[in-house]
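Colleague: Could you walk me through some of the helix packing here? I would love to go through it with you.

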Amino acid sequence: SLKQLFLLESSRSIAGSLLNGIQNPLIEYTYLQVYQCIEYLFRLNNCFTISEEHDISLNTAMDIVLAHEFKSSESENLFQVLRKYATQSYLEVIVDISPMSASDENDIYQKATAYIYKLRCNIAHLRYKQDDTSNVSWTRCVNALVDVVLSIYQKCDSKIISVCTDQNAWLPFSMGG
């Protein structure tokens with residue numbers, strides 16, 4: 001899955017995060033780096049939504065997104081990206097890994113969002129009496145999250161390429177030093 005992700009043109013935007021993640025010996029850090037690949041899509045998702053709802057170009061929609069800061073929480077942005085673009089079977093793997101009880105959430109997208117975000121917060125923020133993550137199967141979580149990210153980027157590939165190209169978000173490749 002990681003190799004397939006690297007081969008997508010749109011992964012150019014997230015290649016640094018992926019490389020940092022796989023080169024680091026701390027699996028929790030790898031999880032955060034892979035999570036950042038979804039986080040990268042929060043503004044882009046707003047752009048895609050505005051473009052679709054108002055029948056305007058992606059470039060114009062991104063100009064609107066960049067000019068106005070939308071006030072959605074990180075967990076709400078995560079939920080929106082997962083609900084709109086992630087492959088459900090990959091989210092089911094995340095939910096299966098999760099120790100959350102069946103009654104915590106009913107919707108697969110809510111369950112996956114809750115667990116992905118909970119792990120992210122437990123790694124990124126040290127809080128008194130926070131959940132112990134020593135029993136988390138980090139390798140399974142990272143692999144499942146990579147599959148989720150791949151499914152999202154496969155669905156959004158052409159849109160990401162379009163926005164990043166039109167907005168000059170990517171530096172040109174150079175051959176040499």
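Colleague: Which helices do the buried residues of α3 pack against?

Modeller: First, a word on the source: this is a predicted model, where local features need pLDDT of at least 70, side-chain atom pairs count only at pLDDT 80 or more, and totals for chains, interfaces and linings use all residues. Residues are numbered from 1 along each chain as its sequence is written, and side-chain values use heavy atoms, with hydrogens and water left out. In α3 (residues 27-39), the buried residues (under 20% relative accessible area, 1.4 Å probe, protein chains only) include Y31, L32 and V34. They pack against α2 (15-23), α4, α6 (74-85), α8 (108-124) and α9 (138-166).

Colleague: Is α4 parallel, perpendicular or oblique to α5?

Modeller: Helix α4 (residues 41-54) and helix α5 (residues 58-67) have axes 8 Å apart and an angle of about 125 degrees. Angles under 35 degrees count as roughly parallel, over 145 as roughly antiparallel, 65 to 115 as roughly perpendicular and the rest as oblique. So α4 is oblique to α5.

Colleague: How do the residues of that α4 and α5 contact divide?

Modeller: Contact means heavy atoms within 4.5 Å. On the α4 side, R43, L44 and F48 are among the residues involved, and on the α5 side A61, M62 and V65 are among them. Ala, Val, Leu, Ile, Met, Phe, Trp, Tyr, Cys and Pro count as nonpolar, Asp, Glu, Lys and Arg as charged, and the others, Gly among them, as polar. The split is 10 nonpolar, 2 polar and 1 charged.

Colleague: Lovely! And N77: which residues is it in contact with, leaving aside neighbours within four places in sequence?

Modeller: N77 sits in helix α6 and is buried, at a relative accessible area of 11%. With those neighbours left aside, N77 is in contact with F42, N46 and S72.

Terms used: Axes are lines fitted to C-alpha atoms, for helices over the stretch in contact, and angles run from 0 to 180 degrees between N-to-C directions. Helices (H or I, at least four residues) and strands (E, at least two) are DSSP runs, numbered from the N terminus. The expected span of a helix is 1.5 Å times one less than its number of residues. Buried means under 20% relative accessible area, exposed over 50%, partly exposed in between (1.4 Å probe, protein chains only).
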